[in-house]
Amino acid sequence: MNQLRSVGIIGTGKYVPEKILTNSDLEKIVETNDEWIVSRTGIRERHIAAPHEATSDLAYEAALKALESAGMKAEDLELIIIATITPDTSFPSTACILQDKLGAKSAAAFDLSAACSGFVYSLATATSFIKTGMYNNALVIGADTLSRITDYTDRNTCVLFGDGAGAVILGEVPEGRGFQSFDLGAEGAGGTLLKLEAGGSRLPASAQTIEDKKHFIYMNGREVFKFAVRVMGTATERVLSKAGLGKENIDLFVPHQANIRIIQSAMQRLDLPEEKVVVNVDRYANTSAASIPLALVEAAEEGRMKEGDTVLMVGFGGGLTWGASVLIW
Ligand SMILES: CC(C)(COP(=O)(O)OP(=O)(O)OC[C@H]1O[C@@H](n2cnc3c(N)ncnc32)[C@H](O)[C@@H]1OP(=O)(O)O)[C@@H](O)C(=O)NCCC(=O)NCCS
């Protein structure tokens with residue numbers, strides 16, 4: 001078996017739905033205003049899926065671009081992982097639906113559930129498969145359609161979320177490049193701070209669960225904020241130390257795009273200047289598992305990384321979970 005190969009990103013793609021929902025659009029729906037949303041979150045607008053678009057459709061568009069950028073055919077894919085908490089259906093998995101749409105007949109396919117940390121969890125999973133020689137490549141996608149589980153009468157949450165998908169193709173890269181370290185973690189005890197209660201085996205869908213609005217995201221914003229600030233710092237420090245690097249080695253910081261204030265607190269702790277940080281929360285809001293890959297892919301498209309740069313990704317989310325990774329581009 002081909003052991004411990006270097007694994008990195010060999011193709012990238014992204015997709016956001018066409019429709020844009022601005023802060024002033026939201027002012028017409030709930031008691032809020034642009035000033036509040038921008039000053040508390042940094043968000044100005046978000047993209048919202050059309051009624052006919054489901055998560056696999058967003059993932060499909062991003063996947064086509066990633067395949068093209070890698071110069072690969074779908075038939076060559078060996079593994080597909082989709083990080084999502086808004087799958088098309090409970091089963092079949094969104095990854096299986098995508099496998100069929102792409103015609104990726106040789107690929108194993110599964111979904112991974114770790115909320116906003118899902119993309120980094122999926123990168124770690126796919127990297128391990130490729131490192132050990134079990135597969136030679138993988139399509140890893142973060143895709144979510146949070147608008148489908150957002151209560152647009154609740155101003156505490158409806159201003160925060162958007163839809164999108166980011167895709168990467170992983171494969172073998174020259175020694176010294178690619179993923180250097182991962183730091184994944186969970187604090188299940190905090191699970192009730194951010195959740196969607198109904199529709200599972202604990203509380204199946206019923207007229208009552210619909211009336212009680214239990215098919216929408218519930219969030220304790222203040223507690224999640226504290227958790228986020230804490231783990232963004234600790235996970236970053238741990239993943240750097242696992243890679244034998246320090247914060248001065250970071251060339252590009254790609255944080256989960258939930259709230260500009262959370263990103264700024266990480267920048268302060270790590271002494272990072274603005275030019276080393278990717279921020280697009282203003283245009284996409286929090287797209288859950290799609291957030292980090294959308295930021296990473298956009299930065300790649302803008303030419304912000306050059307060969308050999310140290311890229312640090314870090315995210316947090318429901319579970320509660322976190323995930324961080326150091327990648328040499
Ligand atoms: C949600 C969040 C933006 C709220 O910001 P905040 O500064 O903590 O605001 P607070 O919760 O203290 O609320 C302040 C006031 O604004 C109000 N408010 C909430 N949403 C509002 C909105 N959209 N427009 C206007 N006012 C709003 C609240 O009702 C509250 O009013 P009150 O004091 O009269 O009760 C912030 O807590 C946050 O970003 N948390 C983390 C969320 C996150 O990252 N989630 C995703 C995890 S992956």
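**Exercise 1. Find which residues of α9 are buried, and say why they share a side of the helix.**

Step 1. Buried residues are those under 20% relative accessible area, exposed ones are over 50%, and partly exposed ones lie in between (1.4 Å probe, protein chains only). In α9, Ile 260, Ile 262, Ile 263, Ala 266, Met 267 and Leu 270 are buried.

Step 2. These residues lie on the same side of α9 because they cover an arc of only 160° around the axis. The arc is that of the directions from the helix axis to the C-beta atoms. In general, an α-helix has 3.6 residues a turn, so residues three or four places apart point the same way.

Step 3. Helices (H or I, at least four residues) and strands (E, at least two) are DSSP runs, numbered from the N terminus. The buried residues of α9 pack against α2, α8, β11 (252-255), α10 and β12, where contact means heavy atoms within 4.5 Å.

Before going on, note that this is a predicted model, in which local features need pLDDT of at least 70 and side-chain atom pairs count only at pLDDT 80 or more, while totals for chains, interfaces and linings use all residues. Residues are numbered from 1 along each chain as its sequence is written, and side-chain values use heavy atoms, with hydrogens and water left out.

**Exercise 2. Describe the start of α9 and what follows the helix.**

Step 1. A polar contact is a pair of N or O atoms within 3.5 Å; within protein, one must be able to donate a hydrogen and the other to accept it, and residues adjacent in sequence count only if both atoms are side-chain atoms. At the start of α9, a side-chain oxygen of Asn 259 comes within 2.7 Å of the backbone nitrogen of Arg 261.

Step 2. After α9 comes Asp 271, with a positive phi near 55°. Asp 271 is a residue other than glycine, and its place is in the loop between α9 and α10. With a relative accessible area of 57%, Asp 271 is exposed.

**Exercise 3. Work out how the protein surrounds the ligand.**

Step 1. A residue is near a molecule if one of its heavy atoms lies within 4 Å of it. There are 23 residues around the ligand, and Thr 32, Arg 40, Gly 221, Arg 222 and Asn 259 come nearest.

Step 2. Look for polar side-chain atoms beside ligand oxygens. The side chain of Asn 259 has an N or O atom 2.7 Å from an oxygen atom of the ligand. For Arg 261, a polar side-chain atom lies 3.1 Å from a ligand oxygen, and for Trp 36 the distance is 3.3 Å.

Step 3. The ligand taken alone exposes 970 Å², and the protein buries 77% of that. These areas come from the Shrake-Rupley method with a 1.4 Å probe; for residues, only the protein chains shown count as cover.

Step 4. Two or more residues of the shell come from each of α2 (34-41), α6 (155-158), α8 (221-242), α9 (260-270) and β12 (310-317). α8 gives the most, with four residues.

Step 5. Sort the shell by residue type: ten are nonpolar, eight polar and five charged. Here Ala, Val, Leu, Ile, Met, Phe, Trp, Tyr, Cys and Pro count as nonpolar, Asp, Glu, Lys and Arg as charged, and the others, Gly among them, as polar.

**Exercise 4. Describe α4 and the bond that joins Phe 91 and Pro 92.**

Step 1. Pro 92 lies in the loop between β4 and α4. The peptide bond that joins Phe 91 and Pro 92 is cis, with omega about 0°.

Step 2. Within α4 (residues 94-102), the buried residues are Thr 94, Ala 95, Leu 98 and Leu 102. Their arc around the axis is only 95°, which puts them on the same side of α4.

Step 3. Their cover includes α3 (55-70), β4 (79-83), β5 (108-112) and β6 (137-145).

Step 4. Just after α4, Gly 103 has a positive phi of about 75°.

**Exercise 5. Decide whether Ala 285 and Asn 286 are buried or exposed, and list what Asn 286 touches.**

Step 1. Ala 285 is in the loop between α10 and α11; Asn 286 lies in the loop between α10 (281-284) and α11 (291-301).

Step 2. Ala 285 is buried, at 1% relative accessibility, and Asn 286 is buried at 7% relative accessible area. The phi of Ala 285 is positive, near 60°, in a residue other than glycine.

Step 3. Leaving out residues up to four places away in sequence, Asn 286 touches Cys 116, Leu 146, Leu 160, Phe 161, Gly 162, His 256, Gln 257 and Ala 258.
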